[in-house]
Amino acid sequence: MIYSKSSIKNIAESIGIPKLKDGISTAMAQDVEYRLHEIITEGMKFMRHSKRTKLTVADVNSALRVRNIEPMYGFEAGRPIKFHKAASALEDIYYVEDEEIDLNTILEEPLPSVPLEVVYTAHWLAIEGVQPRIQQNPIPLDADAEENGPSVKKLAKTHHKGQDGVETIPLVKHVLSKELQLYFECITESLQSTDPIVKSTALESISVDAGIHQLVTYFVQYVAVTVKSNLHNLESLRTAMAVAKAIRRNPNLFVEPYMHQLIPSLLTCLVSKRLCDEYTEDHWSLRDNAAEQIADICQHYGHSYHTLQSRIARTLLRAFLDPTKPLTTHYGAIVGLTKLGASTAKVLILPNIKTYMTLLSTELEKNNPQLTHDGKHCQEALLEALRVVAREESAAAEDELKLASLSSTQKNKLSAVLGEAMAEIVLAEKHDGKIVAGVLAIGNDNKASDKRIMS
């Protein structure tokens, strides 16, 4: 018997029941042993459900609560229980010594800090397979860090304490697999190759591969660094623009969050003062390519970012109307506004052609070969803008213009809208009758709207 009858007699004497009969003591000892077995069995159920192999005081208390019995007070699962031996004449008695607590010492201790309120916040665990660098996410430790020993782990687990005393985890490090690192190195080396076949193969890989979503931010950074460090190297800038286009062409990549990093590089190639060492080099095609990509971005992501096109158009308009900017910047601004659509060209370019041609004529009169070369391209860009605007106008004006020769009144209207210099250039073009018809139609529409406002 685990619980002896002598223990029952001792407990009975402590509560004022002397000389308890042996039969009663034996029966009560058996009943106590049965109750203890029930409680321990019930507590072991809680232990197994908690995935533990050691029975704790909390398990026993949970078993007592299930039996509607008041739990034991004064014992904690985390505190070891020490029994002390008390010698006696009959048998050894073991007891638990209660710790004496000095209330004055407790009262003199400083109050603990007020705990923070419980709040709920949402954050991204991963975006496109990449863990964001925020303090809520844990710091990943790769295999190399684990091999370096506990010093690296200790450094990774270091916390920083802010001004308000709240400990924050430092920003995590973006870790790439060795395969992706090798792929990125091979691609960047191939992009710098002088062999056009090797370069085109690398660009094709960027535009079709599905497993490079973690490298998008690195390719965007590659474009930005290449544009910044090779601003006068035309071939490197063309490669950067090709990489930007390949990234956007890949249907397996989600590049929308990186547009704010890609657009500045495109605008630099569009309106930069110089993109090459010699003005005779063909940097105009690079500016045209950048303008096409910017227009494509506005078309695809304009529904998500409603102010994107207006902000880009405002930037290009400032570059177009700034007389201190070089003609190369003016060309990029004109081409960029034209690529944004006929409505943009009609509202922002057409009303300013007359004023701009005055500035352009002044530059062409300086008899500088570079200014003359750049001015011709600006004139061609303005003609292309007028062609785009004219395509949106009705065909009736053009048919009416073909039936009769251009009168002096129509020429005066054309000069009033475009200025004399630009009007002469348009009239000199043999196959640009549609431009004349479209511009005159716009002038008539503006006069009609003015009359309706006056009335």
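**Exercise 1.** In this predicted model, work out which residues Ser236 touches, leaving aside those up to four places away in sequence.

*Solution.* Start with the address: Ser236 sits in helix H10, which spans residues 234–249. Next, skip the residues up to four places away in sequence, and you're left with Thr226 and Asn230 as the ones Ser236 touches. Finally, check for polar partners of the side chain: the Ser236 side chain makes a polar contact with that of Asn233, at 3.1 Å.

**Exercise 2.** Decide whether Thr239 is buried or exposed.

*Solution.* First, place the residue: Thr239 is also part of helix H10. Then look at its relative accessible area, which is 6%. Buried means under 20%, so Thr239 counts as buried. As for its surroundings, Thr239 touches Leu191 and Lys199, again ignoring residues up to four places away in sequence.

**Exercise 3.** Find the buried residues of helix H3 and something that covers them.

*Solution.* Helix H3 runs over residues 57–66, and its buried residues are Asp59, Asn61, Ala63 and Leu64. Now ask what lies over them: the cover includes helix H2 (22–49). One last step, past the end of the helix: H3 is followed by Asn68, which has a positive phi, near 60°.

**Exercise 4.** Count the disulfides, then compare how accessible Cys186 and Cys298 are.

*Solution.* Searching the whole structure for disulfides turns up zero. On to the accessible areas: Cys186 comes out at 38% relative accessible area, so call it partly exposed. Cys298, on the other hand, has just 3%, so this one is buried.

Technical notes
Residues are numbered from 1 along each chain as its sequence is written. This is a predicted model: local features need pLDDT of at least 70, side-chain atom pairs count only at pLDDT 80 or more; totals for chains, interfaces and linings use all residues. Side-chain values use heavy atoms; hydrogens and water are left out. A disulfide is a pair of cysteine sulfur atoms within 2.5 Å. Buried means under 20% relative accessible area, exposed over 50%, partly exposed in between (1.4 Å probe, protein chains only). Helices (H or I, at least four residues) and strands (E, at least two) are DSSP runs, numbered from the N terminus. A polar contact is a pair of N or O atoms within 3.5 Å; within protein, one must be able to donate a hydrogen and the other to accept it, and residues adjacent in sequence count only if both atoms are side-chain atoms. Contact means heavy atoms within 4.5 Å.
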